[in-house]
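Colleague: I would like a close look at one part of this model. Please start from a single residue and work outwards.

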Amino acid sequence: MKDLSRYRNIGIFAHVDAGKTTTTERILKLTGKVHKIGEVHDGAATTDFMDQEKERGITIQSAATSCFWNEHQLNIIDTPGHVDFTIEVYRSLKVLDGGVGVFCGSGGVEPQSETNWRYANDSEVARIIYVNKLDRTGADFYRVVKQVNDILAATPLVMVLPIGIENDFVGVVDLLTEKAWIWDDSGEPMNYEIQDVPADMTDDVAEWREKLIELAVEQDDTVMEKYLEGEDVSIDELKACIRKGTRDLAFFPTYCGSSFKNKGVQLVLDAVVDYLPSPTEVKPQPEVDIEGNETGGLAQVDPEYPLRALAFKIMDDRFGALTFTRVYSGTLKKGDTILNTATGKTERVSRIVEMHADDRQEMDSAQAGDIVALLGMKTVQTGHTLCDPKQPATLEPMVFPDPVISIAIEAKEKGGSEKMGIALGKMVQEDPSFQVETDQESGEVILKGMGELHLDIKVDILKRTHGIEVEVGKPQVAYRESITKVLNDSYTHKKQSGGSGQFGKIEYTIEPNETGAGFEFESKVTGGNVPREFWPAVEKGFASSMEKGMLAGFPVVDFKVTLTDGGFHPVDSSAIAFEIAAKAGYRQSFVKAGPQILEPIMAVDAFAPEDYVGDVIGDLNRRRGMIKSQEPGPTGVRIKADVPLSEMFGYIGDLRTMTSGRGQFSMTFDHYAPCPKNVAEEVIKEAKERQGVAA
């Protein structure tokens with residue numbers, strides 16, 4: 001039996017380029033998992049093993065690895081920082097017990113840091129903060145601590161202070177022990193000395209240690225009383241308080257260092273062991289029924305309980321599909337038959353492996369608390385629950401955002417379509433934020449994703465991994481349609497062709513619904529003019545029609561239908577007759593209810609050096625952007641704006657040209673908003689041309 005109190009399931013997450021992967025490399029070196037450090041900029045990092053990751057120097061898919069520190073097993077997931085791959089962060093956080101949020105010492109709390117932090121809050125994941133890159137020009141530990149407070153509305157518990165900054169950064173002072181850790185310039189992580197606090201820092205250390213103690217003792221009334229009465233609080237008592245506060249998300253222990261220079265990472269590892277929870281200390285996963293309602297059951301972290309496991313990632317490699325799985329309760333053995341509650345089918349576990357990036361170690365069994373990869377799963381997808389067939393239960397499923405951008409692709413070679421179809425099927429299984437569909441009218445294959453880079457990588461994977469060359473159409477925006485007016489209308493469906501006929505009459509009100517409320521149906525029919533058994537057919541007729549708007553064929557959002565009256569025939573009326581009446585009524589009424597095109601608006605977060613701010617703002621205004629705020633920083637200005645997605649294609653190239661290569665930006669989907677008339681007309685015209693209809 002494994003001692004679960006010595007397990008830590010953690011993720012490392014941050015904004016792109018804050019140094020997550022480099023930090024993971026240093027952890028693997030310190031824990032003896034790798035002997036030669038691989039650098040991201042050389043394309044040699046252990047966890048960045050895809051060709052695309054090595055070339056671009058970014059992490060695209062989360063990678064899992066295990067190592068040991070102070071007799072504790074750390075299961076680590078290195079997640080991507082780029083906004084187009086946030087889905088990887090989201091699904092990793094769902095199965096982790098703790099996290100390390102990495103922030104850049106000069107960049108501070110950047111856009112993607114906020115998104116990841118919000119995901120971690122939603123998943124109630126305990127975290128420690130690591131401010132990296134303190135050796136960089138413009139680095140300021142205290143500024144980043146303030147940003148964590150102001151921007152993330154989180155309480156940082158400062159555990160160390162930096163000794164020196166930028167080129168003079170040599171180490172840190174541990175506030176608990178009041179000792180200085182000082183590294184030499186060899187770049188070797190083990191070449192450090194523990195010394196007394198530098199004389200010029202004693203006042204700062206005393207002040208910050210006082211703050212640390214005051215915040216920590218609030219977690220335990222007895223220790224707090226002791227402190228208020230002037231007694232000394234022991235380091236063990238303080239650690240117990242910090243552990244409790246971290247677990248309860250009251251505060252976040254905050255460290256600093258330079259992963260690239262191998263300074264400060266040991267203290268972060270000690271903090272992972274000392275303060276982040278073990279699998280037994282986190283809230284058990286609630287069990288739900290098929291509709292997603294909680295049943296009251298909990299997946300207890302105990303090997304003796306029935307099996308409950310969540311598949312959180314599918315990865316296809318040369319040996320077949322790997323299903324990354326977090327075991328919440330029970331034990332899973334090689335050769336076991338398990339039930340997938342999403343499909344209702346049983347599957348046999350042919351092999352269980354522990355992953356180290358793209359290497360693997362065979363295991364005979366896994367138990368509650370483990371993160372492993374399974375081989376042999378045929379129908380499992382991300383978010384599916386695997387459980388004991390004799391005692392079935394479902395864990396809370398994952399919810400993924402809708403794609404906002406699409407491209408049409410076509411295989412260059414004749415006969416390549418079938419091969420492409422198989423490859424795309426595997427890619428969809430791996431990434432739930434990536435969707436593929438075939439346009440019924442044109443026969444085109446449409447790829448849908450979260451951004452330009454997301455789809456660019458997918459096309460690259462098709463080419464490199466699967467050897468399929470494709471022609472790519474220009475990106476298309478995922479527009480929506482809605483209505484603006486309230487309309488009372490009626491429709492009668494009547495058909496007589498020998499034998500029994502069809503009859504269904506409906507009177508209804510169609511009106512705009514609140515933004516984000518989706519489709520709503522209500523019946524106010526009294527007196528049985530439309531019998532109750534036909535109401536669901538009317539609802540189904542309207543709901544199924546929403547897939548295609550009448551302006552340009554885009555999905556329709558946010559409208560309400562109220563069935564007010566109607567009529568039926570005792571012989572000729574049927575559910576199908578009323579469904580047809582509803583579909584025809586929709587087509588008739590939609591065009592009269594003030595239809596409009598909605599476009600996706602992106603929250604854009606751009607960074608520009610001060611000299612270029614005017615140009616960047618002018619350019620965003622030309623793109624129909626609404627500037628929301630400007631925040632000056634030590635190395636430039638952050639500009640936040642809401643901009644239509646259709647205006648943002650190719651923006652990174654333009655931004656770099658405007659700022660002499662120094663600008664950066666990220667964007668996430670924010671909301672849908674009505675298109676201006678001239679834009680809407682262009683969208684409708686293009687849509688009709690694509691559908692082969694003369695405008």
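Colleague: What is the relative accessible area of Arg624, and does that make Arg624 buried or partly exposed? Please take in the surroundings as well.

Modeller: First, a caution: this is a predicted model. Arg624 has a relative accessible area of 26%. That value is not under 20%, the limit for buried, and not over 50%, the limit for exposed, so Arg624 counts as partly exposed. Arg624 is found in the loop between helix 14 and strand 36, and strand 36 covers residues 626-632. The backbone deserves a look too. Most residues other than glycine have a negative phi. Arg624 is not a glycine, yet its phi is positive, at about 65°.

Step back into helix 14. This helix spans residues 613-622, and Asp619 has its place there. Asp619 has 10% relative accessibility, so it counts as buried. A charged side chain invites a look at its partners. Leaving aside neighbours within four places in sequence, Asp619 is in contact with Tyr651 and Met658.

Now go to the other side of helix 14. Glu610 lies in the loop between strand 35 and helix 14. With a relative accessible area of 56%, Glu610 is exposed, because the limit is 50%. Glu610 still has partners further along the chain. With residues within four places in sequence set aside, Glu610 is in contact with Gly636 and Val637. Gly633 is another residue to mark. Its C-alpha atom is 9.2 Å from that of Glu610, and the two residues are 23 apart along the chain.

Strand 35 leads on to the second largest pocket. This strand (595-608) gives two or more residues to the lining of that pocket. The pocket has a volume of about 1300 Å³. Its lining counts 50 residues, and those closest to the centre are Lys448, Tyr479, Arg480, Phe554 and Pro555. Other elements that give two or more residues include strand 25 (405-411), strand 27 (445-449), strand 30 (480-483) and helix 16 (677-690). Strand 38 gives the most, with five residues. By kind, the lining divides into 22 nonpolar, 16 polar and twelve charged residues.

Pro555 is one of the residues closest to the pocket centre. A short step along the chain brings us to Asp558. Asp558 lies in the loop between helix 12 and strand 34, and strand 34 spans 559-567. Like Arg624, Asp558 is not a glycine and has a positive phi. For Asp558 the angle is about 55°. Its cover is another matter. Asp558 has a relative accessible area of 12%, so it is buried, whereas Arg624 is partly exposed. Not counting residues up to four places away in sequence, Asp558 touches a run of the chain: Pro512, Asn513, Glu514, Thr515, Gly516, Ala517 and Gly518. Glu481 is 77 residues from Asp558 along the chain, and their C-alpha atoms are separated by 9.0 Å.

Helix 12 precedes that loop. The helix covers residues 535-545 and holds Glu539. Glu539 is partly exposed, with a relative accessible area of 35%. Beyond its neighbours within four places in sequence, Glu539 is in contact with Phe519 and Phe521. Leu563 is 24 residues away in sequence, and its C-alpha is 8.9 Å from that of Glu539.

Now set this part in the whole chain. There are 16 helices and 38 strands. Of the 695 residues, 54% are buried. Take the contacts with a separation of 6 or more: residues 24 or more positions apart account for 71% of them. The accessible surface comes to about 30500 Å², and carbon and sulfur atoms hold 47% of it.

Helix 9 is a useful reference for cover. It spans residues 265-275, and nine of its eleven residues are buried. Among them are Val265, Leu267, Val273 and Tyr275.

Last, the cysteines. The structure holds zero disulfides. Two cysteines can be placed by their cover. Cys104 has 4% relative accessibility and so counts as buried. Cys256, at 2%, is buried too.

Notes. Residues are numbered from 1 along each chain as its sequence is written. This is a predicted model: local features need pLDDT of at least 70, side-chain atom pairs count only at pLDDT 80 or more; totals for chains, interfaces and linings use all residues. Side-chain values use heavy atoms; hydrogens and water are left out. On a 1 Å grid over the protein atoms alone, a cavity is a set of points where a 1.4 Å probe fits but cannot get out, and a pocket is an open set with protein on both sides within 12 Å along at least five of seven lines; lining residues have an atom within 4 Å of a point. Grid points are joined across faces, edges and corners, and a volume is the space filled by probe spheres set on the points. Helices (H or I, at least four residues) and strands (E, at least two) are DSSP runs, numbered from the N terminus. Ala, Val, Leu, Ile, Met, Phe, Trp, Tyr, Cys and Pro count as nonpolar, Asp, Glu, Lys and Arg as charged, and the others, Gly among them, as polar. Buried means under 20% relative accessible area, exposed over 50%, partly exposed in between (1.4 Å probe, protein chains only). Contact means heavy atoms within 4.5 Å. Accessible areas come from the Shrake-Rupley method with a 1.4 Å probe; for residues, only the protein chains shown count as cover. A disulfide is a pair of cysteine sulfur atoms within 2.5 Å.
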